[in-house]
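Hi,

Here's the structure I said I'd pass on. Have a look at it first, and then read my notes below.

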Amino acid sequence: MMPPAIDFARRYREHLAASRARPKTPETWDARAGDLSKRMGQSRYAQDFISRMQLDGARTLLDVGCGPGTLALPLARHLEQVVGLDYSSGMLQALSHNAQAMGLDNVRMLLRAWEDDWADVPECDIVIASRSTVAEDLADALAKLHAKARQRVYLTHLVGGQFIDPAIQRQVGRMRPPMPDYIYVINILHGMGIHPTLDYITVEGNLAGAADFDDYAGRVARSMGGLRKSEYQRLRAWYDDASPQDRAGAPLRWAFIHWRKDAGTAAGGQG
């Protein structure tokens, strides 16, 4: 007798609810659109992501959680049309501005959230979701990505579930529970009959390159849902004596997960 199947979609929802106080609002990302636009050209992560993609035979692309165009705009130079989808109107405004500045007229903006109706979201040859798969219902999000792709899907999801090195969290005096990591994506896809290819992208953590302590503390606070006065003081005292390497913390690892739609649901792709 076979044991009952594990409901990874339900476990993901429970884990997500237990690991954070509240989801980030569109307004939170609106406020960050300008800063992320300035850092677009410096993204080694974007270079690593794009270098692992296969564009042969593709003419259109859907970028889910596109932000200011970190991936969508470099890719638009090689495709007939790119659709940038985001639930932040500020990010879409930044995408539009950046596309015009680069002389690109083949980029379309679409304001949608994961939980919205995607009936009018166009099918595209390639669908990507870069660092944007922390959805309330991951199974539904993955099904939407799969349904909108004609050829291939590429996504990244955090490994380990922590944006701030736990060693730095201990200095603050508060540990945040890890968010659901990439293994949920793999297991839910397995339940859908999809066996993806898995690789990893390693980049500097979010604290690397902070201009000064105020910038550093702001990044820590943003990731940890704010800092109490005592936590801020603890961080300040530690920061003053810490080395640049200790301040930066451990690198971030992103699981790079992809599969071929046209190869059938029983096989992962090499694209």
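Let's start with H195, which sits in the loop between α8 (183-191) and β6 (197-203). Keep in mind that this is a predicted model. Is H195 buried, exposed or partly exposed? Its relative accessibility is 36%, and partly exposed covers the range between 20% and 50%, so H195 counts as partly exposed. If you want a sense of distance, H195 and A72 are 123 residues apart in sequence, and their C-alpha atoms are 26 Å apart in space.

Next, helix α9, residues 213-224. With 12 residues at 1.5 Å each, α9 should span 16 Å, and its end C-alpha atoms are indeed 16 Å apart, so the two agree. At the N-terminal end, D212 acts as the cap: one of its side-chain oxygens lies 3.3 Å from the backbone nitrogen of D214. Just after α9 comes G225, with a positive phi near 75°.

Which residues of α9 are buried? They are F213, Y216, A217, R219, V220, A221 and M224. Among the elements covering them are α7, α10 (229-241) and α11 (244-248).

Last, the pocket that ranks second largest, with a volume of about 160 Å³. It is lined by 17 residues, and Q162, D165, A250, P251 and L252 are the closest to its centre. Two elements, α7 (166-172) and β7 (252-260), each give two or more residues to the lining. By class, that lining has 10 nonpolar, five polar and two charged residues.

Cheers

Key. Residues are numbered from 1 along each chain as its sequence is written. This is a predicted model: local features need pLDDT of at least 70, side-chain atom pairs count only at pLDDT 80 or more; totals for chains, interfaces and linings use all residues. Side-chain values use heavy atoms; hydrogens and water are left out. On a 1 Å grid over the protein atoms alone, a cavity is a set of points where a 1.4 Å probe fits but cannot get out, and a pocket is an open set with protein on both sides within 12 Å along at least five of seven lines; lining residues have an atom within 4 Å of a point. Grid points are joined across faces, edges and corners, and a volume is the space filled by probe spheres set on the points. Helices (H or I, at least four residues) and strands (E, at least two) are DSSP runs, numbered from the N terminus. Ala, Val, Leu, Ile, Met, Phe, Trp, Tyr, Cys and Pro count as nonpolar, Asp, Glu, Lys and Arg as charged, and the others, Gly among them, as polar. The expected span of a helix is 1.5 Å times one less than its number of residues. Buried means under 20% relative accessible area, exposed over 50%, partly exposed in between (1.4 Å probe, protein chains only). Contact means heavy atoms within 4.5 Å. A polar contact is a pair of N or O atoms within 3.5 Å; within protein, one must be able to donate a hydrogen and the other to accept it, and residues adjacent in sequence count only if both atoms are side-chain atoms.
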